[in-house]
Amino acid sequence: MGHKCSYDASLEETIPINNHFITNNTLIDMEILQTFYDELIGFFGIGGIIRLVESGDYSSLSTFDGVRNVLGPVIPLLLVIEMLRGAFYKRFKIDEYKIPFLVFVLNRFISRFISIAAVAFCIGLLEPWAIITTSFTLYWIIYGYIVWELAHFAYHYFGHKVRILWCLHSTHHAPQQMNLSVNFAHFFLEAPYADVVRTSICILLGVNPALLFFIMFIDGFWGSFIHIGENTLKDARLGFLQPIVLTPSHHRVHHAKNPLYMDTNFCNLLNIWDRVFKTYQDERMEMKIEYGITRQMNPNSLWDVYFGEFVCLGRDIAAAPGLRNKILYIVMPPGWSHTGSHKTAKMVRDEFIAEENIERDIEAVDSVRVIA
Ligand SMILES: [Zn+2]
Ligand SMILES: [Zn+2]
């Protein structure tokens, strides 16, 4: 292994974009190219790998940062492979990727910035109130992950069950197909909301910041991977992992609007809390998944994907009689109405299961009759 030279950040500044021999137009062009290059490197997260290869010093792979640099590009690369495979099999449709990418561009800076600030604020505020002290050992990592999953469950569950929070989360559920670009479809205030809830619960339950960031990284990686599309991975149940791990199959079910699948599988890496809170649902291979949300919408309109739920909520509040009803529209589950004329996801799902049970009972009675 050659140790020619270690990485030197100052080398980056020698890229000749400030060359005085070129005209202003060329200068602007080059700056645009440089920005584009930086964005591309940033998107793929390959800056770390480039530095690693340039330095020839691979010892950093034994550190968390080193591993992160190598794992970081996996999801964007898988996304490109997924699109290429789609193109190869003539199943690639640009519409299936357009809106998530536009939303990604919209969120690129502002969401991340607010999120980091919110996490730092929560840690500073709540760390003195932690009920226990943890360290960075295997047992505490397992403890931390179970706590993190609980916190993730809480954020995600309320994102579906409280109308105003659903307004933030619904952008992620708008796409009517599953592929890795769905990762980018998020309302810009959702990440700060999610991070405040998850960080607060974890810090209060003693997950220390180093442990929290480690878990956040694994969670982010897995949370992206579970959006892998059918074009790349047809049966996504992952074999023996299915009973304990939240697989892409579970998450496909979560994104479905089929009555049986609605509002299930809220976990991210381990499906334990879905089992505890009775929201666990396996994929039935004979039941084709219909992706998306139940209201009539235009999945190709950025406006509708981003603000559609806010507009609907605004209309319901305006039409509701009395202050109490207006407030209830904001905090009750989507589908709740003061007249009882609409159904929530839970009502739709419960009705479906009840009907299925009745059918099963009738079949059982019939078969008993046949035998008799
Ligand atoms: Zn969701
Ligand atoms: Zn998702």
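**Exercise 1.** Which residues does UniProt list for "transmembrane region" in this chain?

*Solution.* Note the source: the listing comes from an unreviewed UniProt entry. Its ranges are 70–88, 109–132, 138–158 and 201–222. The model shown above is predicted.

**Exercise 2.** Compare the listed ranges 138–158 and 201–222 with the modelled backbone.

*Solution.* Step one: take residues 138–158. This segment is 100% helix and 0% strand. Its end C-alpha atoms are 30 Å apart. Step two: take residues 201–222. Here the helix content is 82%, with 0% strand. The end C-alpha atoms of this segment lie 20 Å apart. Step three: set this against the chain, which has 15 helices and zero strands.

**Exercise 3.** Place V245 in the fold, then decide: is V245 buried, partly exposed or exposed?

*Solution.* Step one: locate the residue. V245 sits in the loop that joins α10 (209–225) to α11 (248–254). Step two: count neighbours. V245 has 17 C-beta neighbours inside 10 Å. Step three: apply the cut-offs. Buried needs 20 or more, and exposed means 12 or fewer. The count of 17 falls in between, so V245 is partly exposed. For the chain, buried residues make up 27% of the 372 residues.

**Exercise 4.** Which residues does V245 contact, leaving aside neighbours within four places in sequence?

*Solution.* Step one: list the partners. They are L238, L269, L270 and N271. Step two: check a C-alpha distance. V245 and C267 are 22 residues apart along the chain, and their C-alpha atoms are separated by 9.2 Å. Step three: turn to the chain. Among contacts with a separation of 6 or more, 70% join residues 24 or more positions apart.

Note on methods: Residues are numbered from 1 along each chain as its sequence is written. Chains are lettered from A and ligands numbered from 1 in the order in which they are written. This is a predicted model: local features need pLDDT of at least 70, side-chain atom pairs count only at pLDDT 80 or more; totals for chains, interfaces and linings use all residues. UniProt positions are given in the numbering used here, feature names are shortened, and annotations may be inferred rather than shown by experiment. Helices (H or I, at least four residues) and strands (E, at least two) are DSSP runs, numbered from the N terminus. Two residues are in contact if their C-beta atoms, placed from the backbone, lie within 7 Å.
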